[in-house]
Amino acid sequence: MRNAGGNDSPHSAQFGHESRESRRTLEEINAVHVNGQNDDFVIMENYYYAGNAEITWSPPQIGLNVYGQDTWIDFGVRYNSCYVDVKYCNQTGFSVTFWIAFQEASTTQGLIEFGNGDCGLSITRTTENEINATIKSMELNSTWSLHSVNASVRHGIWHHLALTWNASGEVYLFINGTRLNNVIQRTTPNVSCSDTNCKCDWSMKVGTVTFCNSSARTYPSLLLARLVLWNYSINDETVLGLSQDVQGVFLSNRGCYGGWIANLQFCYFIASNWKKTWHEAREICVKRRGNLVSIGSLEEDDFLEEVLKKTKEVSSCIYIGLQTGHVNLTPSWEDKNVWKFSKLSTRYDQENSTDLCAYRYSDGLWYLSNCSEKCGFMCKKYRGGLFKNAEFHCRERRYNRQLVGHRLSIRWVQNELNCAIDCLLYGATCASYNYKQSDSSSKKQNICELNNENQHKNPTSLIYSSGFQYCERVS
């Protein structure tokens, strides 16, 4: 087994040796991540799960479904782990970050239990929808506790949680990238449990908490993704970046090459600082097997605006594929796209009311002007080879249905179309998907689960699951 440096090491996956790597994802609790051009994972069979828990190894994302009674995931005993007793953090501290979505309202739910009794880290949600975090060190004889106030971590919505501890004893709790200032925080001497069973067992569990002097546990109904363990205290900027990191179809550029950028079923070529007339720009796009860009929705416009924000040099005017023969006529898209979304300003070039072409100005709006003006431009075309004869069956009777036990990957998407496209991008291995619309106002937190099987081969795997839509690939 190799560590991050590539040398053989029988201890590189043991949590008593955190100094070898800066952070570990859930994959790395059971596998060693080897850095290099060809990243791979060495699987260790040292975990088990109880009840209706489902785990997905899908780098760079990890998804856990933990639902129902008697359900949790146990990653085994990790002696002298920094995450169980902070004494072993080597003066660098530690951090834990993860995404969480609760499936039940106003219930006490255990999230993390690394150790228990006289040492360990526990994170729970209370019946008041607040977050409790407790860090106990048997070696340092101290207990640090945090309780959020008015955080309102509601069910049905994805939240990003982070907890950091440093060697100075400072503990911080973050929700959705923001460090909470409104918390109740205490540091007290660690009082040993009177019950002889209350001692540190160095175990690491997800989805459960064992209370001192009691065998009672909290059994959650939750979704958890991208649990990352760091062997030092990360800063606010890093936490904020993690909270904004949403995986999905946008990370794949498959089918778009040679400078084209992928989004959904399209590729885009951004020539923001070129200087061409509208007709010259269209000719360039056509030669590249595309056309001047059409923008058919707010989501597509948001994507392009985000791309332009990240572009260093942007012309004040950028041509789009919109043209009209007269100012009083409805413009039309060059690629025949339906005219249903518009940011077209009522202002136009007063000296010319015919043969007008549209450009995007620096204020984000579209304006009509003489087609001979020199501007940048954007091209658009379909992704090559991915969507030919692609078809999914999503019959109405499959609403509130979810295929379980065959999941390849779990991710967040803007809409169901993204989920279907993700399945196509994954390749022939993806045979179906489960999609669930989030209650959150965020457009990027809808659940998309990709499966390597379908209902026909595994009829008993299709179960009732409120809010899920099951669709299977037929081509």
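Trainee: Which residues do ring pairs link into a cluster?
Mentor: Keep in mind that this is a predicted model, where local features need pLDDT of at least 70, side-chain atom pairs count only at pLDDT 80 or more, and totals for chains, interfaces and linings use all residues. Residues are numbered from 1 along each chain as its sequence is written, and side-chain values use heavy atoms, leaving out hydrogens and water. Rings of Phe, Tyr and Trp (its six-membered ring) pair if their centres lie within 6.5 Å, and planes under 30 degrees apart count as stacked, over 60 as edge-to-face and the rest as tilted. Pairs of this kind link Tyr-83, Phe-94, Trp-144 and Trp-165.

Trainee: How many residues apart in the chain are Phe-94 and Trp-165?
Mentor: The structure holds 17 aromatic pairs. In one of them, the rings of Phe-94 and Trp-165 have centres 6.4 Å apart and planes at 25°, so they are stacked. Phe-94 belongs to strand S6 and Trp-165 to strand S11 (residues 159–165), which puts the partners at a separation of 71 residues.

Trainee: Which strand gives the most to the largest nonpolar core?
Mentor: A nonpolar core is a set of buried Ala, Val, Leu, Ile, Met, Phe, Trp, Tyr and Cys residues joined through side-chain atoms within 4.5 Å; buried means under 20% relative accessible area, exposed over 50%, and partly exposed in between (1.4 Å probe, protein chains only). In soluble globular proteins, nonpolar side chains tend to be buried together. Here the largest core has 39 residues, with Phe-94 and Phe-98 making the most contacts inside it. Its biggest contribution, 5 residues, comes from residues 94–102, strand S6.

Trainee: How far apart in sequence are the parts that Glu-300 and Lys-380 tie together?
Mentor: A salt bridge is a side-chain nitrogen of Lys or Arg within 4 Å of a carboxyl oxygen of Asp or Glu, and Glu-300 and Lys-380 form one at 2.8 Å, N to O. Glu-300 lies in helix H4 (residues 298–309) and Lys-380 in strand S25 (residues 375–382), so the pair ties together parts separated in sequence by 80 residues.

Trainee: Over the ring of which residue does the charged end of Lys-380 sit?
Mentor: A charge sits over a ring if NZ of Lys or CZ of Arg is within 6 Å of the ring centre and within 35 degrees of the ring normal. Lys-380 is buried, as is Glu-300. At 4.1 Å from the ring centre, the charged end of Lys-380 sits over Phe-266.

Technical notes:
Helix = DSSP H or I, 4+ residues; strand = E, 2+ residues; numbered from the N terminus.
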